[in-house]
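Biologist: Could you take me through one part of this model in detail, namely the surroundings of the bound ligands? I would like a connected account that I can follow residue by residue.

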Amino acid sequence: MTNHDELMQPSRKGFISNYPHFRYWKKPVVEEMLAEDPVNIYIHVPFCAQKCAYCYYKTEQYRDPAQLEEFVQALCREIRLANERFHFGKRPVNSIYIGGGTPSLLKENLLREIIACLRENFVIAGPEFTIEAEPRTITEQKVKAYKDLGVTRLSLGVQSFDDEIIGMSGRKHSAKKALETIEMIMNAGGLAVNIDLLSGLAGETDETWMKTIDTAIRTEVHNITVYRMEAYLNTEFFNRGVRKKQIELPSEEQELHFMELALEKLTASPYKPWSFFTFTWKGEFQHHYAGNLWRGEDCCAFGPSAFGMLGDYNYQDTLNLDTYLASLKEDKLPIARGYKLTAKDVMIKDLLLGMKLHSMSRKVFREKHGIDFCRVTRGTVDELSDGGYIRVDDESITLEVKGILYGDFVGKRLAAALKQYLGPDELSLY
Ligand SMILES: C[S@@+](CC[C@H](N)C(=O)[O-])C[C@H]1O[C@@H](n2cnc3c(N)ncnc32)[C@H](O)[C@@H]1O
Ligand code: SF4
């Protein structure tokens, strides 16, 4: 009699004590279970010397060093309180990212204090450690201090190498200053450098944009990131460009054209796509922090508006700096909102975020979720592959140039198809 025949016969035999049966349980899984899960750390420093016209991040006007001192005291209290509550103590840290705002406004002593606090509360053994920086805030002395403190990567906000475009964006540095800063960091050695550019800034023309991309490529920095400028509701570009129509922003078609030009130049250069917006020098110097998060690793987030994920929970700190500071004065964690993901949400999230990478592993997804998403979304996969957006093999799914150009489109299409297969729900994909 086969298993199936046996199952179909009414019988009182075979008491179920667990699933799957003990005969499937293995020793290596016990070791895996007892190991501490790795974690990543994000810190949000919410101060800037100016508010850029396109920027949607939660930032406050930087006035004096006392603001930063008060903030760092609160931040360290938050890290200690979170460790008491969530017991990070023995979890190895896979990467650290200090973003903002402009964390490069922090003087060496305050950065040292933050790092000492992280070391007291986590196991930190030389992971990737990124700090975001604005060109005017970086000096040779600071670069040296960063290296002494274990920083491995600097992410520089550049946006454009055209002075007029930079000025219209509300930024206060020149293209020359950005280039000098990049050159100084590259000459010092020992730090990987990323530069952020924005496609679709006010005033951009083919000529200014080609100049920006060519200049970026010539710097030979380790990573070039090209974001699509989105005029979010809380930005000056939205207010003056979309609402009041006082300034002209590039149309969707124009922005698409800028990104096409950027891709033409970048794909003909030594830079290789690593995600749909980050290009790495000869395919090296990948950005581990982003990759780890997109592969679903935990992230502890600290600082106003910082968002993280621990286990099945997404969570975010309060957006308001005063509320943040007040809450920590009372020894309360400043977490303001969260979302508990179901097993299905985790699958959709892993697919959406995983498809930000140039190439996503089918195998890793299958091992984690027990499902081959390409098989269950076959119709959509075929459509995207016939449309020239992706190529698929047994191991992975890779974005073609058209897939890179359209950003999250591939991820959203696949996630919608997977959702259909798993059973639709009320959560929208954007
Ligand atoms: C925190 S900032 C970088 C560091 C530093 N604050 C600076 O600007 O020099 C992070 C990046 O987000 C990007 N960004 C800001 N606003 C954006 C928007 N509306 N759309 C797309 N990207 C945006 C910019 O490229 C910016 O460099
Ligand atoms: S782009 Fe950078 S410097 Fe400008 S407001 Fe945003 S975080 Fe601050």
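**The ligand surroundings**

Modeller: In this predicted model, an N or O atom in the side chain of D196 lies 2.8 Å from an oxygen atom of ligand 1. Two further contacts involve the backbone of the protein: a backbone N or O atom of Y54 is 2.7 Å from a nitrogen atom of ligand 1, and a polar backbone atom of E230 is 2.8 Å from a nitrogen atom of ligand 1. These three residues belong to a wider shell, for ligand 1 is surrounded by 20 residues, of which Y54, Q159, R171, D196 and E230 are the closest.

Two of the names just given, Y54 and R171, return around ligand 2, where the surrounding residues are C48, Q50, K51, C52, Y54, C55, G101, T102 and R171. By class, the shell around ligand 2 consists of four nonpolar, three polar and two charged residues.

For the protein framework, one may add a pair of helices, α5 (residues 140-148) and α7 (residues 175-188), which pack with their axes 10 Å apart and at an angle of about 45°. That angle is why α5 counts as oblique to α7, and the crossing of the two helices is right-handed. Where they meet, α5 contributes E140, V143 and K147, while α7 contributes M184, I185 and A188, so that the contact of α5 with α7 comprises four nonpolar and two charged residues, with no polar ones, under the convention that places Ala, Val, Ile and Met among the nonpolar residues and Glu and Lys among the charged.

How values were computed. Residues are numbered from 1 along each chain as its sequence is written. Chains are lettered from A and ligands numbered from 1 in the order in which they are written. This is a predicted model: local features need pLDDT of at least 70, side-chain atom pairs count only at pLDDT 80 or more; totals for chains, interfaces and linings use all residues. Side-chain values use heavy atoms; hydrogens and water are left out. Axes are lines fitted to C-alpha atoms, for helices over the stretch in contact, and angles run from 0 to 180 degrees between N-to-C directions. Helices (H or I, at least four residues) and strands (E, at least two) are DSSP runs, numbered from the N terminus. Angles under 35 degrees count as roughly parallel, over 145 as roughly antiparallel, 65 to 115 as roughly perpendicular and the rest as oblique. A crossing is left-handed if the near helix is turned anticlockwise from the far one by less than a right angle, and right-handed if clockwise. Contact means heavy atoms within 4.5 Å. A residue is near a molecule or strand if one of its heavy atoms lies within 4 Å of it. A polar contact is a pair of N or O atoms within 3.5 Å; within protein, one must be able to donate a hydrogen and the other to accept it, and residues adjacent in sequence count only if both atoms are side-chain atoms.
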